[in-house]
Amino acid sequence: MAGYTWTNDQADGVLKNSALSSELLKASVADTVIQPFCRIVAGFGRRKGESLTVPLIKNIAEPTSAELGESDRIPIDTYAHSSVAITIKEWGRGVEYSHRAELLNIFDLADAIQGTLRDQMKLVLDTAAAAAFKAAKIIFIPTSLSGGTFDTDGTPSTQATQNLTVQHVQTIRDYLADTIHCPPWNGREFVCLASTKALRGIKQDPLFLAWRQYADPQAAFFRGEVGSIENIRFVEVNHVNALSNAKGSGSVLGEALFFGKDAVGMVVAEDPELRADVNVGDFGRQKAVAWYGVMNYGLLWTTANDGEARVIRVSSS
């Protein structure tokens, strides 16, 4: 009787083995949490051009006195406005596979590929959202257990020598509230998106033990939220392409983003979606699945000015 040899239908493994497991395992995907904190800017869609201009009204200065005498006319203040443009971009990636592989595979190959593409899409868009946050002008660089330096030109000029601590958080919180008068994210609290390493620096700080994370665990309502310090909600980001774990001297620092209301805008002409092409070529023997969207992210306030800046980035040269 002629012999029979199993052959590979994948370059790095056998999918036709008679003892194949009944469970198809996918590679673990980092949690994506940044995009939900972007504000969807209304008024944009199909046939609206390639960019959206967002008008911004600056604050009117507080007068020395607003008292009026009986015969005084009400003084007229002037206001200033500016704008920021967010240009739309196309985003997408795809995977090809053969009809033969789909036909003979014990698993639903199309469904598995779509699942991994969906995971990739979330990672790519989260990285893009993080890049918009990191375009902020104000950067805090930790240089000791309790202190650090602020850069306000968008470029860190000092190397960090210390990971994030609770005392750094207190300094950043006061800068948000008292120096740039940033409105809280939800009217009451600020938000910090922090890499795993940045959060580890905070958790290892003895001062952290003095804080009750939550009286009720259900109070955490953001995905990845780990606690609240100094009226700031902390959310862990374990996606290193978005927020690095290796900044500063000896990679001592993890990146973090502290922000308030209306920090980053998101404009969408076409929502990201999965698309299937069932007839790539050769009479349907080759197929493809891809994700595709037309959208972009942009920092809404691009200055370090009091009353305008909304983001403080923790990083290093």
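This passage looks at the aromatic pairs of the structure, with Phe37 as the starting point. The model is a predicted one, and six aromatic pairs are found in it.

A good place to begin is the contact between Phe37 and Trp185, whose rings meet edge-to-face, with 5.4 Å from centre to centre and 65 degrees between the planes. This pair links distant parts of the chain: Phe37 sits in the segment before β1 (39–40), while Trp185 belongs to the loop between α3 (166–179) and β7 (190–195), and their positions lie 148 residues apart in sequence. The two partners also have their own settings with respect to solvent accessibility. Phe37 has a relative accessible area of 7% and is therefore buried, the cut-off being under 20%. Trp185, in turn, is partly exposed at 27% relative accessibility.

Phe37 has a further aromatic partner in Phe259, again with edge-to-face geometry: here the centres are 5.7 Å apart and the planes make an angle of 75 degrees. Because Phe37 lies in the segment before β1 and Phe259 in strand β10 (residues 256–259), this pair ties together parts of the chain that are 222 residues apart in sequence. Phe259 is buried, its relative accessible area being 0%.

Taken together, these contacts belong to a wider arrangement. Phe37, Trp185 and Phe259 are joined by Phe133 in one aromatic cluster.

How values were computed: Residues numbered from 1 in each chain as written. Predicted model: local features only at pLDDT ≥ 70, side-chain atom pairs only at ≥ 80, totals over all residues. Heavy atoms only, no water. Phe/Tyr/Trp six-rings, centres within 6.5 Å; stacked < 30°, edge-to-face > 60°. Helix = DSSP H or I, 4+ residues; strand = E, 2+ residues; numbered from the N terminus. Buried < 20%, exposed > 50% of the residue type's maximum accessible area, 1.4 Å probe, protein only.
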